[in-house]
Every structure is written in C-alpha cells, then in structure tokens.
Amino acid sequence: MAEQVPGKVNMEKLVSLCQRRGFIFPSSEIYGGLSSCWDYGPLGVELKQNIKQAWWRAVVRERDDMVGLDASILMHPQTWVASGHLKQFTDPLVECKKCHLRWRTDEVTDQNCPSCGGELTEPHLFNLMFKTFMGPVEEEANVVYLRPETAQGIFVNFQNVLNTTRKRLPFGIAQIGKAFRNEITTGNFIFRSREFEQMEIEYFVKPGTDEEWFNYWLEERRNWYVNLGIKEENLQLRPHTKGELAHYARKCYDIDYLFPMGWAELEGIANRGDFDLAQHANYSGKSLTYLDEETNEHIVPYIIEPSAGVDRSVLAFLCDAYDEEPAEDEIRVLLHLHPALAPIKVAVLPLSKKENLAQLAREVYTELRPCWMVQYDDTQSIGRRYRRQDEIGTPFCVTIDFQSLEDKQVTIRERDSMNQIRLPIAELKGTLTAKLAGEDLFVLPPGGQIWKEERRD
Ligand code: GAP
C-alpha cells in the first residue's frame with residue numbers, strides 16, 4: 001500500500017481530530033492503550049450507530065425479502081470445524097530469530113526481518129481465531145472461540161428462520177455484530193483491528209440464479225455508499241483472483257475505497273454456493289434444505305454474501321467527508337457528513353448567555369431535542385462555535401439573537417455553504433425536518449427570508 005495518497009486527508013490528522021473531538025480513543029488509554037483496539041467516544045458512537053441504522057433500514061426494514069438476526073458471539077465449537085475456520089483460517093507466518101517479531105509471508109520481500117534485518121524462521125501456520133474456555137476448567141474439551149465472522153450465526157439458524165418466517169427463496173438474513181480476529185498485522189487506525197463489527201447479509205437463492213443475484217448485490221451495495229455521500233471516484237469493484245479466494249467462495253468482489261494509505265477493501269461480496277449449508281448439514285446431521293414448491297424437490301440454496309465492516313465504513317465516511325478550506329485568516333476544517341450520518345443534526349446557539357436570551361434558546365432546544373441529537377452551545381464567540389460544529393459535521397446551526405426576543409424568529413445556518421435563512425420559531429421544526437431530508441436551504445417556509453448568502457455551491 002502507498003504511504004499517503006495525494007489529496008486525501010492525512011491519517012494522523014484524522015486520528016487527531018477523532019481523539020480531540022471525542023469520536024475515537026485508543027482502548028484502555030490510561031494504561032497505555034491496547035494494540036489495535038479502539039473505543040468510540042460520544043460522537044463516534046453516534047456516527048457508528050447512524051451507519052448501522054442506515055444499513056439496517058436499507059437492507060431489512062425497507063425490504064420484503066429480508067429479516068434480521070442477532071446470534072450469540074460464542075458458538076458450539078463444531079461450528080468452526082464445519083465452517084473450515086479451524087483448518088483454513090490461518091496465515092503462514094515467519095518469525096525473526098533476533099527480535100521475535102512475526103510477519104505474514106507476503107509482507108517479507110527477502111529473507112530478512114523488515115524491522116531489524118534478522119534471520120527469519122521457516123513459515124508456520126497461525127490460526128486467527130481467539131480461543132477461550134467455557135466453564136471453570138481450562139482444558140481442551142472446554143475450548144470455545146470468539147467468532148471471527150458473524151455469518152456462521154446466520155447459517156446455523158437457517159432452518160429456524162425459515163420455519164418461523166415462512167420466507168420463500170430468494171430471501172436474506174441480516175446481522176450486525178462484533179467479530180474478533182487475532183490479526184498479525186494491524187494498523188491504519190480502525191482499518192484493521194482485532195475486535196471489530198460486521199454488517200453481514202446472507203442471501204439465499206436458487207442454484208442457477210446465483211450469478212444474477214451476485215451482480216444485483218454488487219450494484220446495490222455500491223449504491224448504498226454513494227447515496228450516503230461517498231464520492232463515486234473513491235470506490236472501485238475488484239474481483240478476487242483464484243489464489244485470493246477464501247476456501248468457501250466460488251467468486252468474490254471487493255468494494256474497495258481509496259483510503260489515505262491507498263485502495264483497500266471496504267466490503268466483500270462473495271458467492272458462497274452451497275458450501276456452508278452443506279457443511280453444517282453434514283456436521284450436525286440436521287437437514288438444511290428448502291422445499292422447492294415448483295418442483296417438489298428439496299434443494300440446498302446458494303448463498304450470496306455482502307459482508308461489510310462497520311469500523312471500515314466509519315473510517316471511509318470520515319475520510320470522504322474531511323475537508324479544509326480557507327476562511328478569513330484561518331483554515332476551516334469541516335466534515336461534509338450526510339445528514340443521516342452526522343452525529344449531531346442541529347446545534348442551538350444563543351448569541352449571548354444573557355438570561356432572557358438563554359431562556360428562549362433553551363425553549364427551542366427543548367422543542368427540537370426529542371426529534372434529533374441536538375447540541376446546546378453557549379461558550380465562546382459565535383464564529384468559534386460555528387467552526388466547532390463544522391469540524392464535527394453538524395449540518396445545521398440555529399442561532400438565537402436579541403431580535404429573536406422581539407420577532408420570535410431565528411436563523412438557520414447551513415454547514416457546507418454557510419448560507420443562512422431567517423424564519424419564525426413556529427416553522428423551525430418542520431423546516432429542519434425538510435432540510436435534513438435534503439430540501440434546498442433557500443426553499444423558504446411561510447414568513448422565512450434569505451438572511452445571508454455566502455456562496456452558492
Ligand atoms: N463473512 C465473510 C467475511 O468475514 P471478510 O472479507 O473476512 O469476509 C468482511 O470480512 C468485512 O469485515 C471486510 O470487508 C471488512 O470491512 C471487515 N473486516 C474484516 N477484518 C477486519 C479487521 N481485522 N478489522 C476491521 N474490519 C475488518
């Protein structure tokens with residue numbers, strides 16, 4: 001991977017903004033942090049939640065052919081024998097005889113350690129699953145694993161979901177949840193960590209229609225990112241080569257994003273064929289078939305799997321939204337986050353802390369708070385407060401000034417254009433609802449007027 005893609009935000013700058021503004025902190029920071037584990041702060045948790053909600057809405061709530069699931073992280077150990085993870089989920093590693101650092105074989109270009117130049121051992125296979133013990137006795141019989149993908153929880157529940165929902169093919173099951181991998185090389189902030197979250201769909205189809213559904217989901221998932229603001233030129237579809245394919249996959253494409261360190265996988269779309277249902281049927285002895293009513297035959301459906309990372313999505317949305325522009329004698333840093341993803345939708349800013357103004361501002365805040373994440377900020381100059389909101393991606397600021405006490409009107413300032421309109425407080429909630437849904441700022445409500453036109457984008 002390249003060190004730094006020209007024109008993309010520098011990763012250190014993004015990490016610093018995330019820490020400074022409360023998006024993401026190193027895990028257990030007071031103890032020096034835990035390698036490649038991260039904690040989401042007050043703004044990060046909102047952003048992450050909004051991404052998950054947007055995904056759930058698009059793939060479950062707005063579709064007739066999808067249902068949701070929330071399976072447990074710990075699963076019967078046979079799951080991982082059947083899935084092939086116990087045998088196949090391994091990286092060949094070499095170890096430096098001098099500094100004992102371990103490297104994936106594809107990371108070393110010659111026979112020496114990339115860190116200290118020491119001599120390397122022969123490659124050994126290293127399983128990426130985290131092991132733990134169920135119950136009080138730490139012995140081999142009690143070993144369980146932290147799931148390395150959420151997918152298996154869906155496969156083992158295939159029959160339960162089929163029986164309880166009576167869905168017909170094609171249909172899908174969606175799940176969001178934590179996954180764990182003892183990755184050898186981590187880094188690039190939240191791009192590759194050892195504990196992360198996945199948003200996975202397992203879409204069951206009739207064999208023979210799998211190619212069509214594979215193409216459908218490729219397009220559908222790419223569009224999801226674009227509709228939420230990712231620039232098309234920063235996304236690419238990349239087919240896996242034969243050597244790259246996972247043991248379960250007949251075909252796989254990555255949706256790659258142009259991260260600051262180069263193109264890298266954001267989401268994988270795989271055709272898993274009948275591998276998983278056939279394996280679990282074989283190892284559990286339970287039938288995992290579907291009765292095709294047309295032919296009256298029991299068939300094993302094929303599976304198309306769009307598998308996305310929540311944390312990688314957070315990183316991609318942040319990278320794509322980050323912007324700097326000259327403003328007066330300073331640089332304005334802003335996040336052009338889609339309103340559906342922005343952690344704070346509206347900031348309420350009284351021009352002064354004076355009692356009568358504060359009271360009106362509090363009333364406005366109280367009225368808006370049940371609708372969205374709204375922030376009340378009355379410290380420092382109004383210019384500083386606008387900058388603070390721009391930097392965390394708040395789409396709209398509502399400013400209450402002394403004239404508001406007389407005319408019961410307030411201004412709405414838009415983040416990207418910095419344009420402002422003035423409108424009656426009675427129209428505020430409805431107007432913000434429309435603007436957050438994408439209506440142009442200068443479409444005015446009754447009694448509204450253009451207040452400040454900085455520039456038209
Ligand atoms: N069930 C298929 C599966 O797990 P994967 O390509 O290994 O496929 C799917 O993972 C997605 O999960 C990736 O596209 C990525 O977004 C995310 N992901 C995988 N490993 C990750 C890690 N170590 N840290 C953060 N995200 C990860």
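Start your tour by selecting the ligand and the side chain of Glu200: a nitrogen atom of the ligand sits 2.5 Å from an N or O atom in that side chain. Keep in mind as you go that you are looking at a predicted model.

**Stop 1: around the ligand**

Next, add Glu149 to your selection. An N or O atom in the side chain of Glu149 is 2.5 Å from a nitrogen atom of the ligand. Then pick Glu265, where the partner on the ligand is an oxygen atom: the distance to an N or O atom of the Glu265 side chain is 2.6 Å. Now switch on a surface for the ligand, if your viewer offers one. On its own the ligand has 550 Å² of accessible area, and the protein covers 92% of that.

How many residues surround the ligand? There are 21, and the closest are Glu149, Arg181, Glu183, Glu200 and Glu265. Try colouring the shell by residue character: you should find 6 nonpolar, 5 polar and 10 charged residues.

**Stop 2: the strands behind the shell**

Switch to a cartoon view and select β10 (195-205), β13 (262-273) and β16 (302-309). Each of these strands supplies at least two residues of the shell around the ligand. Which strand gives the most to this shell? The answer is β13, with 5 residues.

**Stop 3: the loop between α6 and β9**

Leave the ligand for a moment and move to the loop that links α6 (158-165) to β9 (171-180); Pro170 lies here. Select Leu169 together with Pro170 and look at the backbone between them. The peptide bond joining Leu169 and Pro170 is cis, with an omega of about -5 degrees.

Stay in this loop and click on Arg166, which also lies between α6 and β9. Although Arg166 is not a glycine, its phi is positive, at about 55 degrees. Is Arg166 buried or exposed? Its relative accessible area is 67%, so Arg166 counts as exposed.

**Stop 4: the loop between β1 and β2**

For the last stop, select Ser28, in the loop between β1 (24-26) and β2 (38-40). Check its backbone angles: Ser28 has a positive phi of about 45 degrees, and Ser28 is not a glycine. Now show the surface around this residue. Ser28 has a relative accessibility of 33%, so it counts as partly exposed.

To finish, return to the ligand and show Glu149, Glu200 and Glu265 once more, with β13 and the 5 residues it gives to the shell.

Notes. Residues are numbered from 1 along each chain as its sequence is written. This is a predicted model: local features need pLDDT of at least 70, side-chain atom pairs count only at pLDDT 80 or more; totals for chains, interfaces and linings use all residues. Side-chain values use heavy atoms; hydrogens and water are left out. Helices (H or I, at least four residues) and strands (E, at least two) are DSSP runs, numbered from the N terminus. Buried means under 20% relative accessible area, exposed over 50%, partly exposed in between (1.4 Å probe, protein chains only). A residue is near a molecule or strand if one of its heavy atoms lies within 4 Å of it. A polar contact is a pair of N or O atoms within 3.5 Å; within protein, one must be able to donate a hydrogen and the other to accept it, and residues adjacent in sequence count only if both atoms are side-chain atoms. Accessible areas come from the Shrake-Rupley method with a 1.4 Å probe; for residues, only the protein chains shown count as cover. Ala, Val, Leu, Ile, Met, Phe, Trp, Tyr, Cys and Pro count as nonpolar, Asp, Glu, Lys and Arg as charged, and the others, Gly among them, as polar.
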